[in-house]
Amino acid sequence: MGSLGAIVRHPDDVYPLLKLKMAARHAEKQIPAEPHWAFCYTMLLKVSRSFALVIQQLDPQLRNAVCIFYLVLRALDTVEDDTSIATDVKVPILIAFHRHIYDRVWHFSCGTKEYKVLMDQFHHVSTAFLELEKNYQAAIENITKGMGAGMAKFICNEVETVDDYDEHCHYVAGLVGLGLSKLFHASGKEDLAPDHLSNSMGLFLQKTNIIRDYLEDINEIPKSRMFWPRQIWSKYVNKLEDLKYEENSVKAVQCLNDMVTNALLHAEDCLKYMSALRDMSIFRFCAIPQIMAIGTLALCYNNIEVFRGVVKMRRGLTAKVIDRTKTMADVYGAFFDFSCMLKSKVDKNDPNATKTLSRLEAIQKTCRESGLLSKRKPYILRNESTNSSTMVLILVIILSIIFAYLSAKRQDN
């Protein structure tokens, strides 16, 4: 659960956190008995717990397909991310990865921790993949082939222009959006979304991750990974790594704001994509990560801490997003609230202030014109400042009840 300090500051996090904890335990109990499927779902929980919880809500056939799709791409990404692998070894693996998923014995040792386990025992993923329906297999193979080829291209080429940046993000994330749309369509639950909207869904998430992970990527050993486009960062510093040094703090924040402004380009497409979804489980699967992205951008904007450590939404707020995202009204509300938060941080002296405000106003206009803002429940930012003695008292009562319950349970045992 979240830290005690965070809970005291945000007592209304307690209930969503408890629900998230219960959902995680339920997901662990739902792991299939077959060894290869047990491995896949156990690994999914290890490499992305919150994502795994959302996947668990999908219908069984689609759930299995999305689980395998995620693990295949996670494995592909592990090969790309491992900077210790020589380029002449890495490139052929990336290009051929779509063929390896049909091989029940193939594996390749790389990565660290749970990712190394995934790669060492990849045969379980391949075995499960071969049990999927042919239309699911074809969609996964097609996207994996395109992504592997794109990753191989950018192993040998740096991200120079904004167009390069968009192309790189298309290969590593936009194609994921296209692939998921194909899986949703293959399930019979959704119409096939336009490619440009599916692509934007991936780009919005990927650009958010690239912004948030600047320090981790630049400090990667033995070789840094550099995804911020030179066309943007060269306006502020001579070398991308210069952004992390304290003497460049002002320029670093300006560059960061430029990157966030670029990412906001995709928000309206994402709203349009999500508004067309019909199936509730697919809707929540898509909407929760997108809300997390706009929330993360709001936290990162104008925040020097991006260059000092990890900036991310607190666990309690994440739990609220997972708990409260049920309708498109909730999505419009979250995007509106987080864009308001971001807008309040814009400094009129920032070089991109006018452009940033224009993009935020466009997002807010889309949310208002939906006519759904008044229909949402009180959402993420409405209760953020709540710290009253009443809420603290409620927190103490809840914790006392939990403690009493656990004590009684121990005595019964």
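Buried here means under 20% relative accessible area, exposed means over 50%, and partly exposed lies in between, with a 1.4 Å probe and protein chains only. Helices (H or I, at least four residues) and strands (E, at least two) are DSSP runs, numbered from the N terminus.

The structure is a predicted model, in which local features need pLDDT of at least 70 and side-chain atom pairs count only at pLDDT 80 or more, while totals for chains, interfaces and linings use all residues. Residues are numbered from 1 along each chain as its sequence is written, and side-chain values use heavy atoms, with hydrogens and water left out.

## Overall composition

The protein chain contains 20 helices and zero strands. Of its 413 residues, 53% count as buried. The chain exposes about 18900 Å², of which carbon and sulfur atoms supply 54%; accessible areas come from the Shrake-Rupley method with a 1.4 Å probe, and for residues only the protein chains shown count as cover. A contact means heavy atoms within 4.5 Å. Among contacts between residues at least 6 apart in sequence, 73% join residues at least 24 apart.

Confidence is given as pLDDT, the predictor's score for each residue from 0 to 100. The chain averages a pLDDT of 88, and 85% of the residues score at least 70. Over residues 382-388 the pLDDT is below 50, and this stretch has 14 contacts in the model beyond near neighbours in sequence.

## Two covered helices

The expected span of a helix is 1.5 Å times one less than its number of residues. The table sets α14 beside α18.

| Helix | Residues | Length | C-alpha span | Expected span | Buried residues |
|---|---|---|---|---|---|
| α14 | 249-263 | 15 residues | 21 Å | 21 Å | 13 of 15 |
| α18 | 328-343 | 16 residues | 22 Å | 22 Å | 13 of 16 |

Both helices are mostly covered, α14 and α18 alike.

Leu256 belongs to α14 and is buried, with a relative accessible area of 0%. Leaving out residues up to four places away in sequence, Leu256 touches Ile211, Trp228, Cys300, Asn302, Asn303, Val306 and Phe307. One of these partners, Val306, is 50 residues away from Leu256 in sequence, with 8.4 Å between the two C-alpha atoms.

## Other buried positions

Ser198 sits in helix α11 (residues 195-212) and counts as buried at 1% relative accessibility. Its contacts, not counting residues up to four places away in sequence, are Gly174, Gly177, Leu178, Ser181, Ala193 and Tyr273.

Phe122 lies in helix α8 (residues 122-129), and its relative accessibility of 0% makes it buried. With residues up to four places away in sequence set aside, Phe122 touches Leu71, Val72, Ala75, Phe97, His100, Ile101, Trp106 and His107. The C-alpha atoms of Phe122 and Val105 are 7.9 Å apart, and the two residues are separated by 17 positions in sequence.

## Backbone with positive phi

Most residues other than glycine have a negative phi. Lys113 has a phi near 50 degrees, a positive value in a residue that is not glycine. Lys113 is found in helix α7 (residues 113-120) and counts as exposed at 68% relative accessibility.

Asn302 also is not a glycine and has a positive phi of about 60 degrees. Asn302 is found in the loop between α16 (280-300) and α17 (315-324), and is partly exposed, with a relative accessible area of 33%. Asn302 is among the residues that Leu256 touches.

## Cysteines

A disulfide is counted when a pair of cysteine sulfur atoms lies within 2.5 Å, and a search of the whole structure finds zero. Cys340 is in no disulfide, and the nearest cysteine sulfur is that of Cys367, 8.8 Å away. Cys367 likewise is in no disulfide, its nearest cysteine sulfur being that of Cys340. Cys340 is partly exposed at 32% relative accessibility, whereas Cys367 is buried at 0%.

## Annotated spans

UniProt, in an unreviewed entry, places the feature "transmembrane region" at residues 282-304 and 388-408. UniProt positions are given in the numbering used here, feature names are shortened, and annotations may be inferred rather than shown by experiment. In the model, residues 282-304 are 83% helix and 0% strand, and the end C-alpha atoms of this span lie 36 Å apart.
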